[in-house]
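Dear colleague,

I am passing on the structure we spoke about, together with an account of what came out of going through it. Please keep it open beside this message as you read.

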Amino acid sequence: MSAPGDTAWTDSEGFRGTMTAEEDAKWLQWVTHQFKTIAGNDGEINLQDFKKALQVKESFFAERFFVLFDSDGSGTITLQELQEALTLLIHGSPMDKLKFLFQVYDVDGSGSVDPDELRTVLQACLHESAISLPQEKLDQLALALFESADKDCSGTITFEELRDELQRVPEVMENLTISAARWLTPPAPPRHQRPPRPLTSAYWHNHRSHALCLAAFVGLHVLLFALAASAYRAFGASVMVAKGCGQCLNFDCSFIAVLMLRRCLTWLRATWLAQVLPLDHNIQFHQLMGYVVVGLSLVHTVAHVVNFALQAQSEASPFRFWELLLTTRPGIGWVHGLASPTGVALLLLLLLMFACSSSCVRRRGHFEVFYWTHLSYLPMWLLLILHGPNFWKWLLVPGTLFFLEKTISLAASRMAALNIVEVNLLPSKVTHLLIKRPPLFHYRPGDYLYLNIPSIARYEWHPFTISSAPEQKDTIWLHIRSQGQWTNRLFESFKKSDPVFCGSKRLSRRLEMKRSQRKSQGVQPQPIDFRASAQSAVASSKEVTVELTSYRPEGTLWREREGMVNTGTKDRTRALRQAAAEDRVLVSEMCSENHQFCNIKCYIDGPYGTPTRRIFASEHAVLIGAGIGITPFASILQSILYRHQKRKHICPTCQHSWRDSGQDEDMKLHKVDFIWINRDQQSFEWFVSLLTKLEMDQAEETQEGRFLELHMYMTSALSKNDIKAIGLQMALDLLAKKEKKDSITGLQTRTQPGRPDWNKVFQKVAAEKKGKVQVFFCGSPALAKILKGHCEQFSFKFFQENF
């Protein structure tokens with residue numbers, strides 16, 4: 001059976017009531033087949049089988065559907081009953097479909113829906129969408145939807161009233177049919193993705209630098225091979241091939257190190273060469289050259305083996321084959337005849353390095369194997385110098401740059417150990433580290449660094465994006481998602497340690513730390529405190545979940561504030577800021593078991609630049625973060641907030657505020673669209689406080705004057721086109737309009753359920769005409785491919801964060 005979220009005939013016209021006779025026959029045949037796979041020997045489906053087949057999280061909907069499908073009330077569903085119910089949903093009139101939805105909501109069968117029934121349905125909808133809200137908020141949602149639908153104020157919702165309410169969402173009727181019947185719809189025929197069209201202008205818009213570099217790379221190899229081979233044409237084909245490959249390897253084995261000169265690449269990003277060279281894909285080119293080196297080495301070896309075999313068969317040769325291949329007696333090579341033995345050693349080292357560099361080794365808990373075998377480039381370079389008479393000439397410049405950068409990095413990272421001063425364990429196994437910032441550590445928004453924590457792994461260095469803004473002088477922030485062996489060990493090590501301080505003088509040391517932090521904040525720009533979101537976190541005792549919105553079920557603090565802030569935009573903004581400040585003070589007095597002060601030694605290497613450095617030079621930037629992929633954009637958004645606050649002035653008499661009209665020289669942004677996609681509700685807690693501050697900062701701006709627009713998506717939440725979420729999403733819309741904030745995150749921006757419709761998103765961006773659009777993405781490679789395809793359609797420049 002296909003799961004509710006699986007691709008089905010959802011794009012077919014058949015499910016809009018226009019199925020052809022052939023399609024109808026195929027559908028009935030599929031339903032019969034699916035029914036027989038789950039029905040017992042008696043040819044009937046009971047409630048438990050129905051629940052498994054429907055694959056819903058909440059049994060409420062399975063039970064309601066079962067009751068409605070079981071027309072004779074026998075407690076089981078026959079094939080005929082199932083076909084009649086599904087045929088009604090697919091071929092029935094709009095009125096019949098509405099009646100089915102109404103019967104789902106009419107739990108007691110009284111012919112009307114009262115507030116408690118509606119609340120029961122919405123509670124089931126919350127479970128289906130993996131959303132956890134306090135009981136008080138669930139009551140508010142139920143009342144908001146009920147009051148909107150109950151036009152005559154009779155205390156119940158009739159079928160006609162529900163119909164009128166659903167007419168506000170025109171697509172409900174169409175999607176109701178699809179959603180209700182999806183579990184028994186045949187799979188769609190495979191869609192053949194259109195192959196890339198490299199000759200189109202849209203394709204070249206994002207790939208011209210790659211194509212030019214690849215063309216230059218191939219052309220250089222052809223030239224080097226031809227020149228070397230022609231010089232040895234008198235020695236036969238095997239020698240020509242060996243010498244040609246050897247000359248190409250001279251270049252590859254020296255230049256491959258240049259692609260990993262991170263400091264040099266970071267410097268190049270600030271020059272005009274960043275517009276010409278694909279600096280953002282240095283790792284991919286490094287991997288490509290690795291494959292080329294392995295391929296050329298094998299061909300080079302085979303050619304020499306053939307040549308040695310021919311020589312050994314010659315009567316004029318005094319040496320046997322194994323002597324030519326493994327010993328120094330023939331005197332092949334420019335250093336004591338070491339060409340053959342060093343060649344064998346080089347091939348073995350290369351194959352070992354190649355095997356240990358595969359993703360199955362690096363990403364499955366064996367990073368040390370990858371790391372130590374990759375260090376064999378040092379003996380390989382030494383062997384190459386002994387093996388080939390001209391290799392040292394090729395290595396001279398790249399090798400000098402490489403060792404100079406390594407020396408600088410080692411000296412800078414090991415000059416003085418830093419301290420991790422604070423740790424926050426966030427939902428979804430995210431570790432938030434606060435590291436004391438070195439005095440000479442200057443970075444730009446979106447940069448990354450390499451982190452080494454000897455207590456976790458002495459020799460391992462891992463790259464992480466800096467999530468704090470450069471304007472924050474005291475600490476560096478890192479948000480680390482537990483996805484591998486090292487990151488899991490990091491999270492577990494802090495999880496097992498004692499919270500806050502332990503031992504004697506615990507409160508005194510904690511108070512001293514807090515006072516020193518407050519003192520530093522008084523002279524420096526105030527850091528964006530992500531922990532402020534903890535004040536809005538209400539953990540459920542039954543489900544280990546965290547709510548993000550500002551709920552205080554037992555108190556009246558926020559109700560008092562809501563009454564205080566309805567007087568006007570400026571007053572409301574000032575009140576919200578004061579409320580947020582008060583909450584931060586309240587939270588700082590709380591002792592969370594997931595928040596620890598510490599003093600752990602660590603080392604950092606960096607900073608290094610990323611594609612996000614181009615954001616401030618863009619005219620219209622679209623920032624897309626998937627999950628923890630928000631971290632580079634968190635740094636950028638904080639920097640934007642600091643710059644706006646720096647330009648803002650407040651009159652001490654009337655409290656009127658205004659901003660300088662001029663912009664920073666390095667900031668050409670006219671519009672920023674920030675899109676954050678999370679799977680679950682808890683993940684929004686990572687940076688919800690920062691986003692709240694950004695919304696507050698723009699509260700006084702007109703809608704046209706706001707240059708930052710937020711878009712939040714929760715993929716685990718069912719969208720409006722699902723019968724199990726229609727009521728919930730309508731209620732969330734109504735309450736968001738009433739309270740001016742989202743019930744899921746507490747932001748003013750409404751969290752959209754499901755995945756973004758990228759066609760609609762990019763069409764809206766293109767229609768705004770705010771300048772040249774550049775899309776910056778950090779997240780999964782699968783989503784990157786999708787976004788890249790859409791950007792090519794709209795001629796948007798696409799940049800992806802790569803480590």
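Strand β12 is largely enclosed by the rest of the structure, because 8 of its 8 residues are buried. The burial concerns both faces of β12, with K671, D673, I675 and I677 on one side and V672, F674, W676 and N678 on the other, all of them buried. Please bear in mind throughout that this is a predicted model, so that everything said here describes a computed set of coordinates.

On one flank, β12 is joined to β13 by 7 bridges, and these two strands run parallel; within that pairing, W676 has M712 of β13 as its bridge partner. Strand β9 (residues 620–626) is likewise connected to β12 (residues 671–678) through 7 bridges, again in the parallel sense. Two positions help to fix the register of this second pairing: H620 has K671 of β12 as its bridge partner, and A626 stands opposite I677 in β12.

Strand β9 also deserves a look of its own. Of its 7 residues, 6 are buried, so β9 too is largely enclosed by the rest of the structure. Besides its pairing with β12, β9 is joined by 6 bridges to strand β15 (residues 773–778), and the two run parallel. In this pairing H620 stands opposite V773 of β15, while in the pairing with β12 the partner of H620 is K671, which makes H620 a convenient residue from which to trace the strands on screen.

The pairings belong to an open sheet of 6 strands, whose order is β14-β13-β12-β9-β15-β16 and whose pairing is parallel. Its edges are formed by β14 (751–753) and β16 (797–800), each of which pairs on one side only. Direction ignored, neighbouring strands of the sheet are turned against each other by 20° on average. At the β16 edge, β15 and β16 pair in the parallel sense over 4 bridges, and F776 has F799 as its bridge partner in β16.

Two helices pack on this sheet. Helix α27 touches β9, β12, β13 (708–714) and β15, and its direction makes about 170° with that of β12. Helix α28 touches β9, β12, β15 and β16, and its direction makes about 165° with that of β16.

How do α27 and α28 lie with respect to each other? The axes of α27 (residues 758–768) and α28 (residues 781–794) come within 11 Å and cross at roughly 40°, and the two helices are therefore oblique to each other. Their crossing is right-handed. From α27 the contact is made by W758, N759, F762, Q763 and A766, and from α28 by L783, I786, L787, H790, C791, Q793 and F794.

One residue of α28 may be worth selecting individually, namely K788, which has its place in that helix. Is K788 buried or exposed? With a relative accessible area of 24%, K788 is partly exposed, the cut-off for a buried residue being under 20%. Once its neighbours within four places in sequence are left aside, K788 is in contact with H207 and F798. Between K788 and F777 there are 9.5 Å in space, C-alpha to C-alpha, for a separation of 11 residues in sequence.

Elsewhere in the chain, another helix pair can be set beside the one above. Helix α13 (residues 282–313) and helix α15 (residues 339–356) pack at an angle of about 145°, their axes lying 11 Å apart, and their crossing is left-handed. On the α13 side the residues involved are Y291, V293, V294, S297, L298, T301 and F308, which meet S340, L347, L350 and F354 of α15.

Finally, some values for the protein as a whole. The protein contains 28 helices and 16 strands, and 49% of its 803 residues count as buried. Among contacts with a separation of 6 or more, 71% are accounted for by residues 24 or more positions apart. The protein exposes about 39,400 Å², of which carbon and sulfur atoms supply 58%.

With best regards

Key. Residues numbered from 1 in each chain as written. Predicted model: local features only at pLDDT ≥ 70, side-chain atom pairs only at ≥ 80, totals over all residues. Heavy atoms only, no water. Buried < 20%, exposed > 50% of the residue type's maximum accessible area, 1.4 Å probe, protein only. Pairing = 2+ DSSP bridges. Contact = heavy atoms within 4.5 Å. Areas by Shrake-Rupley, 256 points an atom, 1.4 Å probe, with all protein chains shown as cover. Axes fitted to C-alpha atoms, helices over the stretch in contact; angles between N-to-C directions. Parallel < 35°, antiparallel > 145°, perpendicular 65-115°, else oblique. Left-handed = near helix turned anticlockwise from the far one by under 90°.
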